[in-house]
Amino acid sequence: LKNELLEEQIKISFDLAKDYLKSYLPKDHNYDLIINFNNSLANYNGNSIGLALTIGLIIELTNIHNLPIKINIQNKIALTGAVDNAGNTSPIEEDILKQKIEAVFFSPINIFVLPNSNEPQAKHFISELNKYYPNRKLKLVFVDSFIDILV
């Protein structure tokens, strides 16, 4: 199936990653970008992979070119949310947000990064889950832009 939202998000995320690193990257370098989802545990649909994809591409470009900067992302972290051409996050639909929070809540993930615009709904969903599972300590981090993760 062709997923136009996903394809557009890949282009946006790659452009953002290159722009973020532009002072370090070789000028006029052409890239062949191949994105492969190694397992089929999920159906990749839509553009909410944008935040994770942008950060991942920045890390990969940093490693490929052996840049003098290092970006470390903690283990057991999940990110969700589309990003626009300016790198700003977009809200996730409430029903999808609830599904994502439940999936992460019942996983080994410790930190979940989400668009700032989803903060009220996300906190509500977590508080409902914590009523039944009070010992589960999932930290929610809310961002307006992919830059907020790198600062």
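Which residues does Gln 9 touch, not counting residues up to four places away in sequence? The legends below take up this question and others for a predicted model.

**View 1. Surroundings of Gln 9 in helix 1.** Gln 9 lies in helix 1, which covers residues 4-20, and the residues that Gln 9 touches, leaving aside those up to four places away in sequence, are Asn 47, Gly 50, Leu 53, Ala 82 and Val 83. With a relative accessible area of 2%, Gln 9 is buried, because the cut-off for a buried residue is under 20%. Two of these partners, Gly 50 and Leu 53, are also listed among the helix 2 residues that meet helix 1.

**View 2. Packing of helix 1 with helix 2.** Helix 2 is formed by residues 50-64, and helix 1 packs with helix 2 at an angle of about 45 degrees, the two axes being 8 Å apart. That angle makes helix 1 oblique to helix 2, and the crossing of the two helices is right-handed. On the helix 1 side the contact is made by Gln 9, Ile 10, Ser 13, Phe 14, Leu 16, Ala 17, Lys 18 and Tyr 20, which meet Gly 50, Leu 53, Thr 54, Leu 57, Ile 58 and Leu 61 of helix 2. Sorted by character, the residues of this contact comprise 9 nonpolar, 4 polar and 1 charged.

**View 3. Two loop residues with positive phi, Asp 28 and Asn 66.** Asp 28 belongs to the loop between helix 1 and helix 2, where it has a positive phi of about 55 degrees although it is not a glycine. Its relative accessibility of 78% places Asp 28 among exposed residues, since exposed means over 50%. Asn 66 is located in the loop between helix 2 and strand 1, and Asn 66, likewise not a glycine, has a positive phi of about 50 degrees. Asn 66 is exposed as well, with a relative accessible area of 68%.

**View 4. Packing of helix 3 with helix 4.** Helix 3, made of residues 94-105, and helix 4, made of residues 119-132, pack at an angle of about 45 degrees, and their axes are 10 Å apart. This angle makes helix 3 oblique to helix 4, and helix 3 passes helix 4 in a right-handed crossing. Helix 3 contributes Glu 94, Leu 97, Lys 98, Ile 101, Glu 102 and Phe 105, which meet Gln 121, Ala 122, Phe 125, Ile 126, Leu 129 and Asn 130 of helix 4. The residues of this contact divide into 7 nonpolar, 2 polar and 3 charged.

**View 5. Glu 102 in helix 3.** Is Glu 102 buried, partly exposed or exposed? Glu 102, a residue of helix 3, has a relative accessible area of 34% and is therefore partly exposed. Glu 102 is one of the helix 3 residues that meet helix 4. Between the C-alpha atoms of Glu 102 and Ala 86, which are 16 residues apart along the chain, the separation is 29 Å.

**View 6. The parallel sheet and the helix that packs on it.** An open sheet is formed by 3 strands in the order 1-2-3, and their pairing is parallel. Strand 1 (77-79) and strand 3 (139-143) stand at the edges with a single partner strand each, so one side of each is left without a neighbour in the sheet. From one strand to the next, the twist averages 20 degrees. Strand 2, residues 111-115, pairs with strand 3 in the parallel sense over 5 bridges, and the bridge partner of Ile 111 in strand 3 is Lys 139. Helix 4 packs on the sheet and touches strand 2 and strand 3, with a direction that makes about 175 degrees with that of strand 3.

**View 7. Phe 142 in edge strand 3.** Phe 142 has its place in strand 3 and, at 18% relative accessibility, counts as buried. Residues up to four places away in sequence aside, Phe 142 touches Leu 114, Pro 115, Asn 116, Asn 118, Glu 119, Ala 122 and Lys 123. Ala 122 appears again among the helix 4 residues that helix 3 meets. The C-alpha atoms of Phe 142 and Leu 79 are separated by 9.9 Å, although the two residues are 63 residues apart along the chain.

Conventions
Residues are numbered from 1 along each chain as its sequence is written. This is a predicted model: local features need pLDDT of at least 70, side-chain atom pairs count only at pLDDT 80 or more; totals for chains, interfaces and linings use all residues. Side-chain values use heavy atoms; hydrogens and water are left out. Axes are lines fitted to C-alpha atoms, for helices over the stretch in contact, and angles run from 0 to 180 degrees between N-to-C directions. Angles under 35 degrees count as roughly parallel, over 145 as roughly antiparallel, 65 to 115 as roughly perpendicular and the rest as oblique. A crossing is left-handed if the near helix is turned anticlockwise from the far one by less than a right angle, and right-handed if clockwise. Contact means heavy atoms within 4.5 Å. Ala, Val, Leu, Ile, Met, Phe, Trp, Tyr, Cys and Pro count as nonpolar, Asp, Glu, Lys and Arg as charged, and the others, Gly among them, as polar. Two strands pair if DSSP finds at least two bridges between them. Buried means under 20% relative accessible area, exposed over 50%, partly exposed in between (1.4 Å probe, protein chains only).
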